[in-house]
Amino acid sequence: MKAKYKHTNIVARDWRKLAEFYEQVFGCEPAPPERNAVGEWVERLTGVPGAEVHGVHLRLPGCGEDGATLEIFQYNTEERRAETAINRPGLAHLAFEVDDVEAATDEVLAAGGGCVGEVVTVEISGAGTITLIYVADPEGNIIELQKWKKP
């Protein structure tokens with residue numbers, strides 16, 4: 001199989017507000033058009049009776065016009081979300097490389113996000129030193145902020 005990675009999807013309670021967070025904090029940019037998927041094909045695809053999906057794709061910083069996107073969608077009905085936990089099976093987090101982990105953490109917090117853990121710095125043998133933290137966006141999705149210092 002020949003494959004190319006295209007996007008990661010986050011299901012939001014308020015897709016516009018969550019997209020604004022990623023635009024404001026990380027510099028993501030909308031990749032039009034907005035998505036408004038309604039109809040029998042959406043129900044067949046998702047397995048959700050009566051499903052309607054609305055949202056947007058965001059270009060990720062540093063990935064260019066044809067790079068992978070962050071897809072933020074909202075359904076007309078939703079399931080209850082479990083508490084945020086870094087060790088829950090499934091996709092754990094999105095990661096962004098930043099110039100300053102502490103300053104980026106402050107930006108996430110100022111934009112309505114939260115901390116999951118603490119800032120740590122650790123040397124990885126053969127790779128360098130990494131400073132990182134797990135934070136969460138306003139809807140509880142975990143984000144890793146990282147900065148590498150190569151040997």
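Visitor: Let's start in helix α1. How many residues apart are Y22 and F26, and what does that come to in helical turns?

Guide: This is a predicted model, so keep that in mind as we go. Y22 and F26 are four residues apart in helix α1, so about one helical turn separates them.

Visitor: How do I read the pairing of their rings, stacked or edge-to-face?

Guide: A pair of aromatic rings is described by the distance of the centres and the angle of the planes. There are four aromatic pairs here. For Y22 and F26, the centres are 5.9 Å apart and the planes are at 25°, so this pair is stacked.

Visitor: And which kind of pair do F21 and F26 make?

Guide: Their ring centres lie 6.3 Å apart with the planes at 75°, so call that one edge-to-face. Ring pairs link F21, Y22 and F26 with F96 into a cluster.

Visitor: Are Y22 and F26 buried or exposed?

Guide: Y22 has 0% relative accessibility, so it counts as buried. F26 is buried as well, with a relative accessible area of 11%.

Visitor: Which other residues of α1 are buried, and where do they sit on the helix?

Guide: The full list is W15, L18, A19, F21, Y22, V25 and F26. Look down the axis of α1 and these residues fall within an arc of 150°, so they line one face of the helix. Turned away from that buried side is a face carrying the exposed residues R16, K17, E20 and Q24.

Visitor: What does the buried side pack against?

Guide: Its partners are the strands β1, β4, β5, β6 and β10, plus helix α3. For a close-up, take A19, which has a relative accessible area of 2%. Leaving aside residues up to four places away in sequence, A19 touches V56, L58 and I72. Y22, counted the same way, has contacts that include I10, L58, I72, F96 and I143.

Visitor: How should I think about the nonpolar core, and which residues touch the most other members?

Guide: In soluble globular proteins, nonpolar side chains tend to be buried together. The largest nonpolar core here has 24 residues, and Y22, F26, L58, I72, I143 and L145 touch the most other members. Helix α1 gives the most to this core, seven residues. A second, separate core of five residues includes V42, A51, V53 and F73.

Visitor: Last one: how does the span of α1 compare with what its 12 residues should give?

Guide: At 1.5 Å a residue, residues 15-26 should span 16 Å, and the end C-alpha atoms are 16 Å apart, which agrees. After the helix comes G27, whose phi is positive, near 75°.

Definitions and conventions:
Residues numbered from 1 in each chain as written. Predicted model: local features only at pLDDT ≥ 70, side-chain atom pairs only at ≥ 80, totals over all residues. Heavy atoms only, no water. Helix = DSSP H or I, 4+ residues; strand = E, 2+ residues; numbered from the N terminus. Expected span 1.5 Å × (residues − 1). Buried < 20%, exposed > 50% of the residue type's maximum accessible area, 1.4 Å probe, protein only. Arc of directions from axis to C-beta. Contact = heavy atoms within 4.5 Å. Core = buried A, V, L, I, M, F, W, Y, C linked by side-chain atoms within 4.5 Å. Phe/Tyr/Trp six-rings, centres within 6.5 Å; stacked < 30°, edge-to-face > 60°.
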